[in-house]
Amino acid sequence: MAKTKMSVAGAALLAAGVIAGPAAAELVFPDLSYRTGPYAANGIPFSDGYQDYLTLLNERDGGIGGEMIEVIECETGYNTEKGVECYEATKGEGALIYQPLSTGITYQLIPKATADGIPMHTMGYGRTSAKNGEVFRWVFNYPANYWDGASHAINHILDVNDGDISGKTIALVYHNSAYGKEPIRTLEELAEKHGYELLLLPVDHPGQEQKSQWLQIRRAKPDNVIMWGWGVMNQVAIQEAVNIRYPMENFIGIWWSGSENDVLPAGDGADGYKALTFHNLGMDYPVYDDLKEYVVDVGMAAGAGDQLGTALYNRGMYAAMLAAEAARTAQEIHGTAQITPAMMRDGMEALEMTEEKMAGLGLPNFGPTFNVSCSNHGGDGLGAVAQWDAEAGSWSLITDYGASDGSVLDPLITADSMAYAEENGITPGCE
Amino acid sequence: MLYREAGDFKTSYQADNQTFPIRFDRVGLRVVLVLALGVVPFFINDYWANAVALPFLIYAIAAIGLNILVGFCGQVSLGTGGFMAVGAYATYKLMTAFPEVSIIIHVLLAGGITAGVGVLFGLPSLRIKGFYLAVATLAAQFFLVWLFNRVPWFYNYSASGQISAPEREVLGYAVTGPNAEAWVTYLFCLLFLIFAAVVARNLTRGTMGRSWMGIRDMDIAAEIIGVNPLSAKLSAFAVSSFFIGIAGSLFFAVYLGAVEVGEAFGINKSFLVLFMIIIGGLGRIGGSLMGAAFLVLLPVLLKNVLVGSLGWPTDLAAHLEFMIVGALIVTFLVAEPHGLAQLWRVAKEKLRLWPFPH
């Protein structure tokens with residue numbers, strides 16, 4: 001009795017407070033961000049970059065193809081329950097695409113978004129086997145995925161060691177979640193191929209406590225350490241590595257462990273730390289002039305506006321740029337400016353990123369060129385290695401974009417996606 | 001006005017001892033049940049179901065379960081998250097191993113398995129009490145989460161370590177999986193909540209509940225008058241874990257659809273459910289529901305008001321939410337240490353006398 005009164009009162013209050021749900025006459029891009037909690041240090045720059053680029057399109061070009069863009073931000077705190085709430089709250093607003101920036105939330109949303117017919121873009125995260133677009137019709141993870149990343153890291157170690165790493169020990173320090181566990185399968189396969197020994201060191205959420213893992217590294221003295229970290233875990237790991245005087249040039253992070261926020265707390269000790277990336281770094285691009293003119297100087301920058309040019313800001317901007325280009329492609333395909341999520345999906349599947357296109361957008365040579373197709377939702381999986389220069393306070397690419405080991409990855413992707421198709425009764429195919 | 005009791009006479013022992021002795025409460029309960037079962041399902045949409053109704057219903061079941069152990073039997077437990085995980089993983093293993101069996105049976109079986117695990121971790125309660133027992137159940141929390149992370153058999157050797165619920169139907173309607181309709185999932189969880197509330201209420205009014213309360217109020221005295229502490233404590237652990245297991249099972253299968261043990265069933269979950277029953281009222285079934293409503297609905301409400309209506313930045317709203325919820329919890333507990341249920345009881349007493357308080 002008592003409860004029911006309460007819940008009715010709560011429901012009435014809620015109804016009063018709930019979003020009015022305007023009929024969207026715009027292109028709606030929800031931004032499932034996290035500006036609070038242990039992952040905020042990484043969530044803020046990404047979200048700022050994502051929103052600023054879309055604000056730029058609105059201010060400079062009047063949106064995409066004449067349609068204004070509406071960004072609905074929703075705070076997830078990197079928490080799946082809040083992520084679901086955000087998804088449900090925004091999907092009724094006509095959301096065209098979801099980019100949750102969280103592997104956990106991605107796993108949560110893949111079936112929901114597929115059932116609701118809204119495309120997802122999980123750029124460099126999420127479920128790797130979503131590369132197989134014949135099974136994951138609504139999920140895209142171009143231009144690179146985790147297994148590519150694992151392969152890039154091993155390739156780089158191979159390059160440094162003149163192609164022979166048999167008998168060496170490689171440790172993987174990973175976030176003990178779906179995200180951190182993603183590369184294990186690939187690294188094990190590659191260990192068989194190249195003959196190295198893999199040492200697995202899980203770090204539990206949120207990752208502030210890593211003394212025992214680094215003690216193990218100190219004892220086992222692995223030749224290389226690869227890290228799959230996020231949020232506060234990155235900073236702690238790099239600081240711990242400095243504390244045990246682990247040679248930084250042998251320490252490679254995935255692209256999510258390679259932002260300024262991660263290395264700065266360790267000061268000079270972090271000099272030489274390496275991280276992968278699938279796009280270029282720095283702010284030496286014409287688009288930044290426009291961002292200054294149309295967004296920052298007029299006070300429309302998202303957040304505090306102090307993240308411009310950081311690695312994750314660039315990545316957020318890249319994600320927004322790819323989404324905007326996919327929307328543009330969709331508008332061209334369907335001949336209408338007001339696209340639906342289904343049209344957006346077609347646009348993503350027909351996306352072609354060429355050098356001219358990127359140069360035209362003010363981002364020359366910013367990322368690799370790639371084409372998306374129905375059978376390949378993951379692009380070409382190119383990646384490069386960046387190294388931190390503590391004195392200059394900047395990242396610099398030390399390798400070219402290289403390909404991942406397709407001979408190992410492709411069978412894994414096929415096997416995993418087919419297993420998913422079988423579990424969920426999906427008939428693979430392009431219609 | 002609301003509580004007119006004139007002419008409401010009790011003429012039998014049964015009538016005098018019913019759960020809701022006041023007619024107004026009985027009528028109100030029926031009205032609410034009719035609304036919840038017969039009207040809400042026609043209007044509920046995905047947002048209301050997934051963001052508001054399901055979490056409230058599921059946490060309410062968990063809070064009822066924990067309230068039996070902490071509120072009625074006085075055994076402090078911090079293992080709720082771990083026991084919910086047992087329910088979730090049991091459901092997952094059962095769903096994938098016996099796809100032809102109904103999901104209702106799986107949920108109940110998962111509750112049963114959790115009850116077994118609960119009894120196992122309840123054994124130390126026979127020797128230790130209070131804070132020491134809390135620490136022992138904390139060990140259960142960490143051990144269970146570690147176990148489900150560590151042993152691949154529990155997650156069917158999937159690469160990500162996640163478990164995800166395949167689609168299952170009841171009477172031809174999908175209950176789990178992405179194609180489940182909002183009203184189906186809502187009704188499914190609501191029926192389990194009604195089941196849990198009715199069973200818990202009746203258990204606590206009978207011999208079993210009285211022996212629990214005896215143990216809670218003074219275990220030595222209870223033992224002297226003939227309450228067997230072994231069966232009383234372990235039955236409290238079993239019944240409590242049964243409901244918590246059902247809550248974990250629904251949390252995974254119906255609400256989220258895919259979970260990761262460390263994130264979904266971490267120590268935070270244990271604290272959250274414990275806060276629910278403390279705020280709602282220890283030893284009150286209605287308190288469990290009020291506490292769950294308070295801690296589930298308030299953050300969503302605040303978010304919608306601050307971000308949706310006022311248009312404030314999301315990070316500011318998220319931080320304010322922590323502060324407001326925290327301040328309200330402290331205020332409530334200072335003003336009424338026995339929780340929302342007691343507030344409601346006091347309000348009811350006043351209403352019954354109104355407008356002549358003396």
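# Helix crossings and chain contacts

Me: Let's start with one pair of helices in this predicted model: H12(B) and H13(B) make a right-handed crossing. Roughly parallel, roughly antiparallel, roughly perpendicular or oblique: how do H12(B) and H13(B) lie to each other?

Reply: H12 (residues 267-280) and H13 (residues 285-309) of chain B have axes that come within 7 Å and cross at roughly 120°. Perpendicular pairs run from 65 to 115 degrees, and antiparallel ones need over 145. That leaves one class for H12(B) and H13(B), which are therefore oblique.

Me: How many charged residues does the contact of H12(B) with H13(B) have?

Reply: On the H12(B) side, the contact includes B:Leu272, B:Phe275 and B:Met276, while H13(B) brings B:Gly287, B:Ser288 and B:Phe294, among others. Nine of the contact residues are nonpolar and four are polar. As for charged ones, the count is none.

Me: On to H4(B) and H10(B): is their crossing left-handed or right-handed?

Reply: H4 (residues 80-97) and H10 (residues 229-256) of chain B pack with their axes 7 Å apart, at an angle of about 60°. They count as oblique because that angle is neither under 35 degrees nor in the range from 65 to 115. The hand of the crossing is right-handed.

Me: And how many nonpolar residues has the contact of H4(B) with H10(B)?

Reply: H4(B) puts in residues including B:Phe83, B:Met84, B:Gly87 and B:Thr91, and H10(B) answers with B:Ile244, B:Gly248, B:Ser249 and B:Phe252, among others. Charged residues are absent from this contact, and seven are polar. The nonpolar count is 13.

Me: What about H3(B) and H7(B): is their crossing left-handed or right-handed?

Reply: Helix H3 (residues 46-72) and helix H7 (residues 182-205) of chain B have axes 10 Å apart and pack at about 15°. An angle under 35 degrees is what the parallel class asks for, so H3(B) and H7(B) are roughly parallel. Their crossing is left-handed.

Me: How many charged residues turn up in the contact of H3(B) with H7(B)?

Reply: From H3(B) come B:Asp46, B:Leu54, B:Ile61 and B:Phe72, among others, and they meet H7(B) residues including B:Ala182, B:Tyr186, B:Cys189 and B:Phe192. By class, 19 of the residues here are nonpolar and two are polar. The charged count is one.

Me: Switching to the two chains: which element gives the largest share of the side of chain A that touches chain B?

Reply: In total, 42 residues of chain A are in contact with 44 of chain B. Elements of chain A that give two or more residues to this side include H3 (80-91), H4 (103-116) and H15 (406-424), plus strand S2 (69-75). The largest share is nine residues, and it comes from H1(A).

Me: How many residues on the side of chain A that touches chain B are charged?

Reply: This side of chain A is mixed in class, with 14 nonpolar and 15 polar residues. The charged ones number 13.

Me: Which strands of chain A do the buried residues of H14(B) pack against?

Reply: H14(B) covers residues 314-335 and reaches 31 Å from first C-alpha to last, close to the 32 Å expected. Its residues B:Thr314, B:Asp315, B:Ala317, B:Ala318 and B:Glu321 are buried. These buried residues pack against H13 of chain B and also, in chain A, strands S1 (27-33) and S2.

Me: How many of the residues of H2(A) are buried?

Reply: H2(A) runs over residues 40-61, and its end C-alpha atoms are 31 Å apart, which agrees with the 32 Å that its 22 residues should span. Just after H2(A), A:Gly62 takes a positive phi of about 70°. The helix is mostly covered, and its buried residues number 19.

Me: Is B:Leu126 buried or exposed?

Reply: B:Leu126 sits in the loop between H5 (103-122) and H6 (130-150) of chain B. Leaving out residues up to four places away in sequence, B:Leu126 touches B:Pro229, B:Leu230 and B:Lys233. It has 12 C-beta neighbours inside 10 Å, and 12 or fewer is the cut-off, so B:Leu126 counts as exposed.

Me: How far apart are the C-alpha atoms of B:Tyr132 and B:Val330?

Reply: B:Tyr132 is part of H6 of chain B. With 12 C-beta neighbours inside 10 Å, B:Tyr132 counts as exposed. Along the chain, 198 residues separate B:Tyr132 from B:Val330, and their C-alpha atoms are separated by 25 Å.

Conventions
Residues numbered from 1 in each chain as written. Chains lettered and ligands numbered in written order. Predicted model: local features only at pLDDT ≥ 70, side-chain atom pairs only at ≥ 80, totals over all residues. Contact = placed C-beta atoms within 7 Å. Helix = DSSP H or I, 4+ residues; strand = E, 2+ residues; numbered from the N terminus. Nonpolar A, V, L, I, M, F, W, Y, C, P; charged D, E, K, R; others polar. Axes fitted to C-alpha atoms, helices over the stretch in contact; angles between N-to-C directions. Left-handed = near helix turned anticlockwise from the far one by under 90°. Buried ≥ 20, exposed ≤ 12 C-beta atoms within 10 Å, placed from the backbone. Expected span 1.5 Å × (residues − 1).
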